[in-house]
2 protein chains.
Amino acid sequence: MSESTEKSKMKIEEAKDKVIGAIAETMDLYGVTPSAANLYATMYFKDQMTLDEMRSELEMSKPSMSTSVRKLQEIEMVKKTFTRGSRKHTYIAEKNFFRSFMVFYCQMWEREVKMNMEAIKEAQEDLINVIKESSEPDVVTEAKKYYDQLEESKTYYNWLEDLVASIRSGKIFEFLPKGDEQE
Amino acid sequence: MSESTEKSKMKIEEAKDKVIGAIAETMDLYGVTPSAANLYATMYFKDQMTLDEMRSELEMSKPSMSTSVRKLQEIEMVKKTFTRGSRKHTYIAEKNFFRSFMVFYCQMWEREVKMNMEAIKEAQEDLINVIKESSEPDVVTEAKKYYDQLEESKTYYNWLEDLVASIRSGKIFEFLPKGDEQE
DNA sequence: TAGTTTGTTAAAAATTTATTTAACGTTTTT
DNA sequence: AAAAACGTTAAATAAATTTTTAACAAACTA
């Protein structure tokens, strides 16, 4: 191989590494460990990878790669693929950032809505009982205050649910188009 | 104080605690520590708090409260207020979840866009140089492939920036109204 | 000016999280 | 059927984060 070809290859690697670094660094937002972030970013430039390839590429242990890959599968940033002829499992990175965005945030926001709405519901029931049962005006006033505060907050959770729905259905892209061309 | 009033007060605390627990638990999404999450959730039901009140309420050290409060101020979930007559700093929690949502996600997404767009720009420059300089067809093809992949990904980052803009401007609420009544 | 009060910074301790090594179970190959 | 390959689980280690204690600096009080 010629000297300049060697150099070009290195430049390509350098270019990729810049992007890999940036992706990995911003992936803390997705709640993954630095190694899972590095793994995803690395896979972003690969067609597919096996656990052993990941291990040698990132110079980490196999269980570590196994854990990272599972976490990435959970948020659907990595999928298992069938490769005929190979006993090794092969994985591919989701390269469409729109899909990653949708899956991740919808998952998280839904969890937030579910968890908080349930708590609010229970709390409001308790507060209503206090309002009904108590004869002490100050206590009733306080219970009402909190009840109203919780009622008010439901507006937000309902909105968040609507947001999730509009992302899932793709309706949001009618409001905010993806760009010059279609998907 | 009567026995039943005592009981009612406990019920109110119980109701609040349910919501406090739920809010705190889902706040990992906002990248804060569990104590900062607990602190915010506690403050959500308070008018205002001083560091000493936080310390006694959460039974934690003052520096810990100081750190948590600073973190919460960073993402604008807590603001400092002026209380005349008191030397102690007083803080209030942002109780409008819409505002918290806007500030937090816009901040995060903008960081993501900025960081990745910069890396992409640099990487694409490198790749163009390879394409121009290299005489090895395979290398050129590879460089082109990555260049196109990066170009494609810009669509997403542009969209994310549009999303941020529509949240900041409030335009998103034309598409997804906040609920029955106005803000 | 000396003594408090208040909040922060710095160093140390404690806790949690991430990673590795070792062991295991399953499947495949010979 | 024995050996090898592959992936996961479990226990141990390492690393990072969080929290505390202690020391400090600034602002106020007497």
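**Entry 1. The sheet of chain A**

I began with the strands of chain A, where 3 strands form an open sheet in the order β1-β3-β2 with antiparallel pairing. I noted that β1 (49–50) and β2 (78–81) of chain A stand at the edges, each with a single partner strand, so one side of each has no neighbour in the sheet. I record here that the model is a predicted one.

I then looked up how β2(A) is held to β3 (residues 90–93) of chain A: 4 bridges join the two strands, which run antiparallel. For Val78(A), I found Ala93(A) as the bridge partner in β3(A).

**Entry 2. A loop residue with positive phi**

Next I examined Glu76(A), which lies in the loop between α4 and β2 of chain A. Its phi is positive, about 55°, although Glu76(A) is not a glycine. I asked whether Glu76(A) is buried, exposed or partly exposed. It has 14 C-beta neighbours inside 10 Å and therefore counts as partly exposed.

I checked chain B for the corresponding number. Glu76(B) is placed in the loop between α4 and β2 (78–81) of chain B, and its phi, near 55°, is again a positive value in a residue other than glycine. With 14 other C-beta atoms within 10 Å, Glu76(B) is partly exposed.

**Entry 3. The sheet of chain B**

I turned to the strands of chain B and found an open sheet of 3 strands in the order β1-β3-β2, with antiparallel pairing. The edges are taken by β1 (49–50) and β2 of chain B; each has a single partner strand, so one side of each is left without a neighbour in the sheet. Between β2(B) and β3 (residues 90–93) of chain B, I recorded 4 bridges and an antiparallel course. Within this pairing, Lys80(B) stands opposite Tyr91(B) of β3(B).

**Entry 4. How the two chains are related**

I asked what rotation superposes chain B on chain A. The rotation is 180°, with 0.0 Å of shift along its axis and an RMSD of 0.0 Å. I entered this as the relation of a two-fold axis. I also looked for the residue of chain B that comes closest to the rotation axis, and noted Phe175(B), at 3.4 Å by its C-alpha atom.

**Entry 5. The contact between the chains**

I looked up the contact between the two chains and found that 53 residues of chain B are in contact with 53 residues of chain A. On the side of chain B that touches chain A, α1 (3–26), α5 (97–133) and α6 (137–169) of chain B each supply at least two residues. I sorted that side of chain B by class and obtained 25 nonpolar, 13 polar and 15 charged residues. I found that 100% of the interface residues of chain B are also interface residues in chain A, so the copies meet through the same surface.

**Entry 6. Helix α6 of chain B**

I compared the expected span of α6(B) with the model: at 1.5 Å a residue, its 33 residues should span 48 Å, and its end C-alpha atoms are 48 Å apart, which agrees. I then asked which residues of α6(B) are buried. They are Val139(B), Ala143(B), Tyr147(B), Leu150(B), Trp159(B), Leu160(B) and Val164(B). For a reader of that list I add a general remark: an α-helix has 3.6 residues a turn, so residues three or four places apart point the same way.

I noted that the buried residues of α6(B) pack against α1 (3–26) of chain A together with α5 of chain B. After α6(B) comes Gly170(B), whose phi is positive, near 85°.

**Entry 7. Asn116 of chain B**

I located Asn116(B) in helix α5 of chain B. This residue counts as buried because it has 23 C-beta neighbours inside 10 Å, the cut-off being 20 or more. Leaving aside residues up to four places away in sequence, I found that Asn116(B) touches Ala22(A), Ile23(A), Thr26(A) and Tyr157(B). I also entered the separation of Asn116(B) and Asn158(B): 42 residues in sequence and 11 Å in space, C-alpha to C-alpha.

**Entry 8. The surroundings of DNA strand C**

Last, I asked how many residues surround DNA strand C. There are 18, and the closest are Ser35(A), Ser64(A), Pro63(B), Ser66(B) and His89(B). The elements that give two or more residues to this surface are α2 (34–43) and α4 (62–74) of chain A, together with α3 (51–58) and α4 (62–74) of chain B. I divided the residues of the surface near DNA strand C by class and recorded 5 nonpolar, 8 polar and 5 charged.

Technical notes
Residues are numbered from 1 along each chain as its sequence is written. Chains are lettered from A and ligands numbered from 1 in the order in which they are written. This is a predicted model: local features need pLDDT of at least 70, side-chain atom pairs count only at pLDDT 80 or more; totals for chains, interfaces and linings use all residues. Two strands pair if DSSP finds at least two bridges between them. A residue is near a molecule or strand if its C-beta atom, placed from the backbone, lies within 6 Å of it. Ala, Val, Leu, Ile, Met, Phe, Trp, Tyr, Cys and Pro count as nonpolar, Asp, Glu, Lys and Arg as charged, and the others, Gly among them, as polar. Two residues are in contact if their C-beta atoms, placed from the backbone, lie within 7 Å. The expected span of a helix is 1.5 Å times one less than its number of residues. A residue is buried if 20 or more other C-beta atoms lie within 10 Å of its own, exposed if 12 or fewer, and partly exposed in between; C-beta atoms are placed from the backbone. Copies are superposed by least squares on the C-alpha atoms of residues with pLDDT of at least 70 in both.
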